Amino acid sequence: MAQALLSVDSAQFSCSICLELLRDPVTIPCGHSYCMSCLTKHWDRQPVCSCPQCRATFSPRPKLGRNNLLVEMMQKLSIVGQTEGPSAPPLYELLASAEGQGFEHATFDVSSVRPEATDGQRILGETRRQLAAQIKERESEVQQLKHSLKSFSRMAKAAVKDSSRIFSELMEFLEHRRVEMKELIRAQEKAELTRAENHLQHLERQISELRRRDAELEGVFHAQDQQLIAQMCQSFGRPVPEASSSLTVSPHISFGPVRMAISQLKEQLQTLYNTEFPNVTSAVKTVSLLQMEKTNTEVCDSAHIPALDNRADLLQYFCPLSLDPFTAHRELSLTEGNHMVRRTGEIQAYPDHPDRFDSWVQVLCREGLQGRNYWEVEWDGHQVALGLTYENIGRKGSSDHCRLGHNSLSWSLQCSSSSFVLCHGNQKKTVEVPSGSVSRRIGVFLDHDVGLLCFYMVTPRGVHLLHRVETKFDMPLYPAVWLGANCSVSLCTVN
């Protein structure tokens, strides 16, 4: 039987990952078989080892060993593809013969292999295989939809949190303006009252002086001394000094113009809100979990990835960013409209906030990114880390769960004057930089939908790719930085 021929469909011996005949087949604990290289690459890209067909998970990762039985059957199957004619014995006879020679397999029942007696049975078998494929496809869609539902709920929760934070900032801004207006009115009140009281005291002194003179003249009048009367009248005839005689009380004093100006400001803000809020509601309604499938042309266009070595192509996806003061560690000082951050060692008077890092000296950007985005930063100092993270990264404590690039929620590029290291989870990889191209400006490109993250060194001659990450992103990513002592990072603007 060394040259026995197999009467069997080769599709039954194909790998569901590469869709080709099995190469170095391996069988995993759930019973499914794959090419050893295909399964190894698939598991290397996944955080959890699972079967691509039935989604069964395995922990720890199973040790893969070649299935020698499948190798022998594949070798005989390859003979079938090279031989013409119907003279090959059917598979059930071959296996029955092997069974008589001591063939055993824990998950394979030789007695179940029998020839199809009629064309109807063959058609029935093919139809059932098609139905099984459709069921598998629908089950995969169900799993994907369930995962998308959870992710969508998380994103909706994050959007609610962001909108609440923004409105809180707006209310805080208005409260500051209210306090400023109150202080302005009180300061004006105090200044005018001080001026009025000074003028009042001056008038009272003048009245006292005039009354004193009148009393003296009355005494002289009774003395009947004409010469003395003439002298005193001549002396008292000079007017009392009136340095503030030009000041008069305003007959129409009122704070009505102040109230009118504030009312006009309120009306303008209400008009602006009513004008712009429809854009906000439209943006909310464009967020859709389910959408119609695109045509092949649209799919090709959306799958097109720009040239990743051309800065001009990358800049068409440039997005302006701003740092979030509610997440900044208290050792960080934000300046230039929240576009620059410094670590000076001085504690800033930031209010308590649940999103603020209290141990790792880090800060996030306000913007949660999806789609394609590109931005550039410049850093200064001994060491910084630039990267991205999901919003649910830890904020309190000194564990790696809160540290940028040292958990499964974030990626970072650690930059120093002598080296660059990419960090994700518990993995670190040193990035080689060609001599003569060292620059303090770093570019970052994110294609959220494709699952692509690239770090660049930006030089006057263009961009140099430092490292690229290919993975799957489930939620919006927030740009973030960590700063060493006496370091700074600036978010660059591009004309």
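Two strands count as paired if DSSP finds at least two bridges between them. Keep that rule in mind while reading this predicted model.

Start with strand β8, residues 372–380, and strand β13, residues 441–447. They pair in the antiparallel sense over seven bridges. At least two are needed for a pair. Look for one contact point along these strands: E378 stands opposite R441 in β13.

Now step back to the sheet that holds β8 and β13. How many strands does this open sheet have? It has seven, and their pairing is antiparallel. Read across it, and the order is β5-β6-β17-β8-β13-β14-β15. At the edges lie β5 (332–335) and β15 (462–470), each pairing on one side only. Neighbouring strands in this sheet are turned against each other by 20° on average, with direction ignored.

What holds such strands together? Strands of a sheet pair through backbone hydrogen bonds, and they may run parallel or antiparallel. In a regular strand, side chains alternate between the two faces of the sheet.

Next, find strand β9, residues 383–390. Is β9 mostly covered or uncovered? Mostly covered: seven of its eight residues are buried. Buried here means under 20% relative accessible area.

Strand β9 has antiparallel pairings with β10 and with β16. Take β10 to begin with, at residues 410–416. It pairs with β9 over seven bridges. Within that pairing, L388 has W411 of β10 as its bridge partner. Then turn to β16, residues 477–483. Seven bridges join β16 to β9. Here V384 has L483 of β16 as its bridge partner.

Definitions and conventions: Residues are numbered from 1 along each chain as its sequence is written. This is a predicted model: local features need pLDDT of at least 70, side-chain atom pairs count only at pLDDT 80 or more; totals for chains, interfaces and linings use all residues. Side-chain values use heavy atoms; hydrogens and water are left out. Helices (H or I, at least four residues) and strands (E, at least two) are DSSP runs, numbered from the N terminus. Axes are lines fitted to C-alpha atoms, for helices over the stretch in contact, and angles run from 0 to 180 degrees between N-to-C directions. Buried means under 20% relative accessible area, exposed over 50%, partly exposed in between (1.4 Å probe, protein chains only).
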